[in-house]
Structures are given as C-alpha cells and as structure tokens.
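Here are my notes for anyone opening this one for the first time. Keep the structure in view as you read, and take the points in order.

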Amino acid sequence: MKILISVDMEGISGIVHPTETNPDGYDYARGRALMTAEANAVIAGVLDAEPTAEVRVADAHGPFRNLLSEELDRRAHLVRGKPRPLGMLGGLDEQTDAVLLVGYHARAGDGPAVLAHTMNDGILDVRVAGRSMGEIGLNAAMAGHLNVPVVLLSGDDSACDELQDLLPSSVTVAVKQALGQGAAISLHPEEARERLRHAATEAVTRRAHVPPLSLVGPLDVEVDLYAPFMVDLATLAPGVSRGEGGRTVTFTAADFADAYRLVLLLAQLATIKPG
C-alpha cells in the first residue's frame, strides 16, 4: 500500500498568524515544530492501520521546505522543495491508495476561516465548471483524476466543512474553531495529535468507502486575480483569455490535470510584481 500525506501549515493546531507560517516571521520556528509533530501523528496513525505501507509526506506549505526532516518519523519518505510536479501533491501517482490532507485551510473569501486563501494572495477565486474551489477542492480533484480518494483532512472547522461538502464520507478533524482570519479557539497540540492519530487510522481503514472526486473534462475554468496587471501576464499563456471585468481570466481544460497545472502556473504568475 502507498499513502500520501500532504501537510500545509495554516491549519495546524495553535497557528493563527503569518508570523507563525512565514520564514521571516519571529514565530516560524515554532510553527515548523508544530507542523512536524502533527505530520508525525498522522504517519503513526496510518502505520497503526497498515504497518507495511509506504508513506510519503509532501511538504505543501509556502517554499515546501518547512517540515523538520530530522524530526520526521523515520518510517516516512519526505517530498521536499519546489517547483515540482503536482505541487502540494508531490509524490502522488496512480499507485497511491489514499491521500490525507493535514493542516489545510479554507479557500479565499471563505469565513470565518483562519488564514484563508487560495494558493497565494494574488488569486481571489478559482471556479471549475462554475464551482468555487480552493486548495482543498483543487487537490482533492487532482487526486481524483488519478482515481485516488482524499480520505482525511485536518484544519479549522471551515476547512473541514469544505472537504465534507465535496466528499461527505471523508474523515475530518477540526483542530481549531475559526473566529476570523487571524483568530481561533484551538485544541491543545497534544490533544490535536492524539485525535489525528486515531482519525488517520480510521480513514485509512475505511478508505474503500470514500470515492475519488472525479471531474470529467472538458472543464471551463475561471480565475479571479488580485490586480489587472496579473491578467495582462496570464493572457500570455496559450488558451487563457480575459473574462468579464478587469480581474478574471478563463480557459478550457481537456481534463482536470490540465486545469490543475494551469492554475499552478497562474498562481506563480500572480507573484510577479509589475514594472
């Protein structure tokens, strides 16, 4: 069996502020330690259920170089660094049996939700076939394209609701209740880790009951960007056109893998400054 654990940072227990998630922040070292500890709890839960499983852990936050490799459970393989194929799902392939999303956050515009965004601050919304999707939906659908189910998600209550809306039979663990973009009522980290370990065991054990999120192409995609100059850059990509208003671009993807790759590219373009 092969399992992929994708670990973001904003949805980790106790984290509520960019100083805890950004490498330049004064509390970043603490955030990294909390993130690594929750990853270890999920690894342990997976291996409680399937002791011989191959476990890959994708560092999926910011620079993709956050997890403390020397502190990570030695039974897992770490996928680290960027750019890389499939972004936050680095290490995913057709032989993967299940994906677990740890420390995830809600999509841009959702709320109350801790540190909600989609890819980066340059993207305001992504709509696939008319449905708004953040990182949770985009990654679940990319896994689904390879016929792999997302069986677990942890984060705040808004993030959990987001996955439940897409995959009601998945397992979710709300490690904090969002009070706003930068505030939450959080579980103690040790309590969060205990719940995550048990939930990971449950999720892997009942993975057959969670269907992959399958979106059949062709797919019409709309992306709202923060600034008009980002639209100017985005329309240089083949197949990308201006949509209504000054901040929207559109394209049609043959399948979800093409949609996912182009959204990743637009997210990178959105980080470029004008001039």
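1. A word on terms before we start: contact here means heavy atoms within 4.5 Å, and angles run from 0 to 180 degrees between N-to-C directions. With that in hand, look at α4, which lies across β4, β7 and β8 and runs at about 140 degrees to β8. Please also bear in mind that this is a predicted model.

2. Next, the sheet itself. In what order do the strands of the open sheet come? Reading across, you get β3-β2-β1-β4-β7-β8-β9, seven strands with mixed pairing. β3 and β9 stand at the edges with a single partner strand each, so one side of each has no neighbour in the sheet. On average, neighbouring strands are turned by 25 degrees against each other, direction ignored.

3. A bit of background for newcomers: strands of a sheet pair through backbone hydrogen bonds, and they do so either parallel or antiparallel. Both senses turn up in the next few points.

4. Start at the β3 edge. β2 and β3 run parallel and are joined by four bridges. If you want a residue to click on, Arg-56 has His-77 in β3 as its bridge partner.

5. Now move over to β7 (residues 150–156) and β8 (residues 171–180). These two pair in the parallel sense, over five bridges. Which residue of β8 is the bridge partner of Leu-153? That would be Thr-172.

6. What links those two strands into a unit? Helix α3 (residues 157–166) does: β7, α3 and β8 make a β-α-β unit, and a right-handed one. α3 lies across β4, β7 and β8, and runs at about 155 degrees to β7.

7. β8 has another partner in β9 (residues 183–186), and here the pairing is antiparallel, over four bridges. The two form a hairpin, with two residues between them. In β9, Ala-183 is the bridge partner of Gly-180.

8. Away from the strands, have a look at a helix pair. α2 (residues 135–145) and α6 (residues 256–269) pack at an angle of about 140 degrees, and their axes are 9 Å apart. Why call α2 oblique to α6? Angles over 145 degrees count as roughly antiparallel and 65 to 115 as roughly perpendicular, so an angle that falls in neither band, nor under 35, is oblique, and that makes α2 oblique to α6. The crossing of α2 past α6 is left-handed.

9. Who meets whom in that helix pair? From α2 come Leu-138, Asn-139, Ala-141, Met-142 and His-145, and they meet Phe-256, Ala-257, Tyr-260 and Val-263 in α6. By class, this contact has seven nonpolar residues, two polar ones and no charged ones.

10. Two peptide bonds deserve a check. Gly-111 and Pro-112 are joined by a cis peptide bond, with omega about 0 degrees; Pro-112 is in the loop between β4 (98–104) and β5 (123–128). A cis bond also joins Gly-217 and Pro-218, again with omega about 0 degrees, and Pro-218 has its place in the loop between α4 (189–205) and β10 (219–225).

11. One last backbone item. Phe-64 is not a glycine, yet it has a positive phi of about 60 degrees. You will find Phe-64 in the loop between β2 (54–59) and β3 (76–79).

Technical notes: Residues are numbered from 1 along each chain as its sequence is written. This is a predicted model: local features need pLDDT of at least 70, side-chain atom pairs count only at pLDDT 80 or more; totals for chains, interfaces and linings use all residues. Side-chain values use heavy atoms; hydrogens and water are left out. A crossing is left-handed if the near helix is turned anticlockwise from the far one by less than a right angle, and right-handed if clockwise. Ala, Val, Leu, Ile, Met, Phe, Trp, Tyr, Cys and Pro count as nonpolar, Asp, Glu, Lys and Arg as charged, and the others, Gly among them, as polar. Two strands pair if DSSP finds at least two bridges between them. A crossover is right-handed if, with the strands pointing away from the viewer, the path from the first strand over the helix to the second runs clockwise.
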